[in-house]
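Here are my notes for someone opening this one up for the first time. Have the structure on screen while you read, and take the points in order.

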Amino acid sequence: MKVTLITHTPDPEKIIASSAKLCYSDTSAMNLMEGLDEQKTKSFVEMLADMGHESPIEHITFTFGIEGVSRTLLAQITRHRIASFSVQSQRYVRQDNFQYITPPAIAENPGACEIYKKSMENAVRDYNTVSDILEKKYYQEFISQGIPEKSAKSKAEKKAIEDARFILPNACETKMMVTMNARSLLNFFKLRCCNRAQWEIRELACEMLRLCSQVAPSVFRNAGASCCSGKCPEGKMSCGKAEEVRKYISSLKKTV
């Protein structure tokens, strides 16, 4: 997995502080911005974080480049609706030698790992076989319609992999760009930094939190799994390791 913070709102904490102050001031947003030094900004944003006043933080966004994750993760992260996603298409990008993600529990077990590897190899072989069969079929159809050879070949390949992709497993590696505002990120971290979250999306969420904390530490001072800012809400389903989770999340927020 590779996670890169590609861009974010400039002066994010100053934007938050000025937007919150504007609600109670008759001056302009720019005047408020100019009147905020680093210490005033930090103190005000920390106060907002401690109060749980989250609407002003919707004004700042973070865009991440994410690679080396599975389609399983994709299905989970897109459930977070207040976000923007751009994902590598299996409809237009041929996966003739796709990379795949191996769960740690499988990687650690030689027997399971061998079966898993063969399954992936079979998927690659079958995907390519079906793609080739369909491509030949569509190519002949396009040629018979009078479409030039070069164009017919390109169209046939795209149409073939559109159906062949149904063979691809959830383990298939994908890439995406994700943009979220800070309020959505707080919710994302609360749910996905939790020990009960699936391992891959938990790893992603923790790395995203680490990157965000370097840019806006006051905004994300209380961010993390639910148990980082209160009692675990999972009840009988709790992992029972709240203190361990808090220590780990705290270590992610240490800025250079």
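1. A quick word on pairing before we start: two strands count as paired if DSSP finds at least two bridges between them. With that in hand, look at Phe 62, whose bridge partner in β4 is Met 180. Right beside that in the list of partners, Thr 63 is bridged to Thr 179 of β4. Both belong to a pairing of strand β2 (residues 61-70) with strand β4 (residues 173-181), which run antiparallel and are joined by eight bridges.

2. Keep in mind that this is a predicted model. The chain has a mean pLDDT of 92, with 99% of its residues at 70 or more. Confidence peaks in strand β1 (residues 2-8), at a mean of 98, and is lowest in helix α2 (residues 29-34), at 82.

3. Back to the strands. What else does β2 pair with? Six bridges link it to β1, and the two run antiparallel. One of the contacts to look up is Leu 5, which has Phe 64 as its bridge partner in β2. As for how covered β2 is, seven of its 10 residues are buried.

4. Strand β4 has another partner as well: strand β3 (residues 83-87) is joined to it by five bridges, again antiparallel. Here you can pick out Ser 86, whose bridge partner in β4 is Met 177. Putting the pairings in a row, β1 goes with β2, β2 with β4, and β4 with β3.

5. Just after β1 there is a backbone detail to check. Asp 11 sits in the loop between β1 and α1 (12-22). Its phi is near 45°, a positive value in a residue that is not glycine. For context, most residues other than glycine have a negative phi.

6. Now the largest pocket. How much space does it hold? About 310 Å³. It is lined by 16 residues, and those closest to its centre are Ala 49, Gly 52, Glu 54, Leu 186 and Asn 222. Two elements give two or more residues each to the lining, α3 (38-51) and α8 (182-192). Of these, α8 supplies the largest share, four residues. By type, the lining divides into seven nonpolar residues, six polar and three charged.

7. On cysteines: how many disulfides does the structure hold? Zero. Cys 172 is in none, and the nearest cysteine sulfur, on Cys 113, is 17 Å away. Cys 227 is unpaired too, with the sulfur of Cys 228 as its nearest, at 4.6 Å. A disulfide would need the two sulfurs within 2.5 Å, so the 4.6 Å between Cys 227 and Cys 228 does not qualify.

8. Are those two cysteines, Cys 172 and Cys 227, buried or exposed? Cys 172 has a relative accessible area of 0%, so it counts as buried. Cys 227 comes out at 9%, and because the cut-off for buried is under 20%, it is buried as well.

9. Phe 98 is worth finding, in the loop between β3 and α5 (104-107). Although it is in a loop, its relative accessible area is 5%, so it counts as buried. From its C-alpha to that of Ser 144 the separation is 32 Å, and the two are 46 residues apart along the chain.

10. Two helix residues make a useful pair of landmarks. Lys 117 lies in helix α6 (residues 110-144), and Glu 243 lies in helix α10 (residues 242-252). Is Lys 117 buried or partly exposed? Its relative accessibility is 41%, so it counts as partly exposed. Glu 243, at 45%, is partly exposed too, because that value falls between the 20% and 50% limits.

11. To get a feel for distances, try these last spans. Lys 117 and Phe 85 are 32 residues apart in sequence and 30 Å apart in space, C-alpha to C-alpha. Glu 243 and Asp 132 are 111 residues apart along the chain, and their C-alpha atoms are separated by 54 Å.

Definitions and conventions: Residues are numbered from 1 along each chain as its sequence is written. This is a predicted model: local features need pLDDT of at least 70, side-chain atom pairs count only at pLDDT 80 or more; totals for chains, interfaces and linings use all residues. Side-chain values use heavy atoms; hydrogens and water are left out. On a 1 Å grid over the protein atoms alone, a cavity is a set of points where a 1.4 Å probe fits but cannot get out, and a pocket is an open set with protein on both sides within 12 Å along at least five of seven lines; lining residues have an atom within 4 Å of a point. Grid points are joined across faces, edges and corners, and a volume is the space filled by probe spheres set on the points. Ala, Val, Leu, Ile, Met, Phe, Trp, Tyr, Cys and Pro count as nonpolar, Asp, Glu, Lys and Arg as charged, and the others, Gly among them, as polar. pLDDT is the predictor's confidence in each residue, from 0 to 100. Buried means under 20% relative accessible area, exposed over 50%, partly exposed in between (1.4 Å probe, protein chains only).
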